[in-house]
Structure formats: structure tokens, C-alpha cells
Amino acid sequence: MAKVLIVCATRTGETMDIGNLIAEGVRISGHEAQVVKFNEIKKESDLEGFDGVVLGSATYHGDMIQGMKTILFLAEKANLEGKAGGAFGAFGWSGEAPDRIYDTMKNIFKMNMVGNPLRLKSASIQGGIKMAQDYGREIVAKLG
Ligand SMILES: Cc1cc2nc3c(=O)[nH]c(=O)nc-3n(C[C@H](O)[C@H](O)[C@H](O)COP(=O)(O)O)c2cc1C
């Protein structure tokens, strides 16, 4: 059974809800998923030992939450090359954060990324539950 880490940078909990649904999709597909809030990641080794890593942040002022930037610098030192990856986040109107995270994971960490980042206004509207669960299934399809 493969293990997927899902890290959520959130202020009001929407991104955490999406992360938990992605985890459901991973578990439905028969694998293990661990969901953590961004402030639980304190050192690069906290990102190691997983077959897939999925990073999420809400967008505030056109940017990801500061703590996620710190995690991306830690992740640069963790060896994530070739591992399954995805990026997601809740947003209101512009939603830059998931795109920025996704591009870093793809271009700098050289991860095996799912097709696109997942941006949702909320997990609970417009089919968000299924979209987030499906994203978890997509991650599983990328596991080596
Ligand atoms: C002060 C403030 C600034 C925001 N800036 C943006 C923004 O630049 N672009 C955007 O798409 N959403 C923006 N939002 C909306 C949040 O991304 C949205 O409420 C999201 O659901 C919050 O997710 P969270 O609960 O995970 O923190 C902003 C919200 C607030 C309160």
C-alpha cells in the first residue's frame, strides 16, 4: 500500500476540507493518505517517506500563504524527484496559489505531476466533493 502526504495551508479551513476529500479519493483507491496542516511540517524529513506528496494553499492577495513558501524551500531539499505530485487550493476569484505550487513541484522538484492543479471555490459547491475525490484518484494513478 502506497502512502500519500497531503499538506494544507489554510486560514479559514476551506483548503483543509478539499485536502480531506483528496485523501478520501486516495483511500477509496486502496492507499494510505495522511492529511496535515502546514504548520505541522517543520523540517524536510517531515516530507520524506511518502510515495506521493500533494501540496495545497488558499490564495490571499494573489499569492499562496507564507507558510507554504517555507514548505516549498524545505521540499527543495527533500528528494521528491519522480514521486507522484499534485497541487490544490481554495480561492475566491483569481486562485494563483495552486498554479504556483504546481509549477514549482514540476519544474524544480521534478515530480510526476497529475495533469493540472485543482482550484475550487469551496469543497461543498459545484460538484467540489467529487472533483476533490477524483483528484485523489488521479494521484493514485501516478503512483509508481
Ligand atoms: C483578505 C482576503 C484576500 C483574498 N485574496 C484573494 C485573492 O487574491 N484571490 C483569490 O482568488 N481569492 C482571494 N481570497 C479568497 C480566499 O482565497 C477564499 O476565501 C478561500 O476559500 C480561503 O480558503 P481557506 O479557508 O483555505 O483559507 C481572499 C480572501 C480574503 C479574506
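Here is a friendly exchange between a biologist and a modeller about the structure above.

Biologist: Before we start, what kind of model is this?
Modeller: Residues are numbered from 1 along each chain, as its sequence is written. Local features need pLDDT of at least 70, side-chain atom pairs count only at pLDDT 80 or more, and totals for chains, interfaces and linings use all residues, since what we have here is a predicted model.

Biologist: Let's begin at the ligand: which elements give two or more residues to the shell around it?
Modeller: The shell holds 17 residues, and the closest are Thr10, Glu14, Thr15, Ala58 and Gly92. A residue belongs to it if its C-beta atom, placed from the backbone, lies within 6 Å of the ligand. Helices (H or I, at least four residues) and strands (E, at least two) are DSSP runs numbered from the N terminus. The elements giving two or more residues are α1 (14–28) and β4 (59–60).

Biologist: And how many residues of that shell are charged?
Modeller: Asp, Glu, Lys and Arg count as charged, Ala, Val, Leu, Ile, Met, Phe, Trp, Tyr, Cys and Pro as nonpolar, and the others, Gly among them, as polar. The shell has 5 nonpolar and 10 polar residues, and the number of charged ones is 2.

Biologist: Moving inward, which residues have the most contacts inside the largest nonpolar core?
Modeller: A core is a set of buried Ala, Val, Leu, Ile, Met, Phe, Trp, Tyr and Cys residues joined through C-beta atoms within 7 Å. Buried means 20 or more other C-beta atoms within 10 Å of a residue's own, exposed means 12 or fewer, and partly exposed is in between, with C-beta atoms placed from the backbone. The largest core has 47 residues, and those with the most contacts inside it are Ile6, Ile22 and Leu55.

Biologist: Which residues does Leu55 touch?
Modeller: Two residues are in contact if their C-beta atoms, placed from the backbone, lie within 7 Å. Not counting residues up to four places away in sequence, Leu55 touches Val7, Met68, Ile71, Ala87, Ile101 and Met105.

Biologist: Over what arc do the buried residues of helix α2 lie?
Modeller: In α2 (residues 66–77), the buried residues are Met68, Ile71 and Ala75. They sit on the same side of α2, because the arc they cover around the axis, taken from the directions to the C-beta atoms, is only 55°.

Biologist: So what do those buried residues of α2 pack against?
Modeller: The face turned away from the buried side carries the exposed residues Gln66, Phe73, Glu76 and Lys77. On the buried side, the partners are β1 (3–9), β3 (52–57), β5 (63–64) and α3 (96–107).

Biologist: Is Leu74 of α2 buried, partly exposed or exposed?
Modeller: Leaving aside neighbours within four places in sequence, Leu74 is in contact with Ile41, Lys43, Glu44 and Leu47. It has 15 other C-beta atoms within 10 Å, so Leu74 counts as partly exposed.

Biologist: How many bridges join β1 and β2?
Modeller: Strands pair if DSSP finds at least two bridges between them. In β1, 6 of its 7 residues are buried. Val4 stands opposite Ala33 in β2, and the two strands pair in the parallel sense, with a bridge count of 6.

Biologist: How many residues of β6 are buried?
Modeller: Ala84, Gly86, Phe88 and Ala90 are buried on one side, and Gly85, Ala87 and Gly89 on the other. Strand β6 (residues 84–90) is largely enclosed by the rest of the structure, because the number buried is 7 of the 7.

Biologist: Which residue of β8 stands opposite Gly89?
Modeller: β6 pairs in the parallel sense with β3 over 5 bridges, and Gly56 stands opposite Phe88 there. β6 also pairs in the parallel sense with β7 (residues 112–113) over 2 bridges. With β8 (residues 118–120) it pairs in the parallel sense over 3 bridges, and the residue opposite Gly89 is Arg119.

Biologist: How many C-beta neighbours does Phe88 have inside 10 Å?
Modeller: Beyond four places in sequence, Phe88 is in contact with residues including Ile18, Ile22, Pro98 and Tyr135. Phe88 counts as buried because its number of C-beta neighbours inside 10 Å is 29.

Biologist: One last thing: where is His61?
Modeller: His61 has a positive phi of about 50° although it is not a glycine. It is exposed, with 6 other C-beta atoms within 10 Å, and its place is the loop between β4 and β5.
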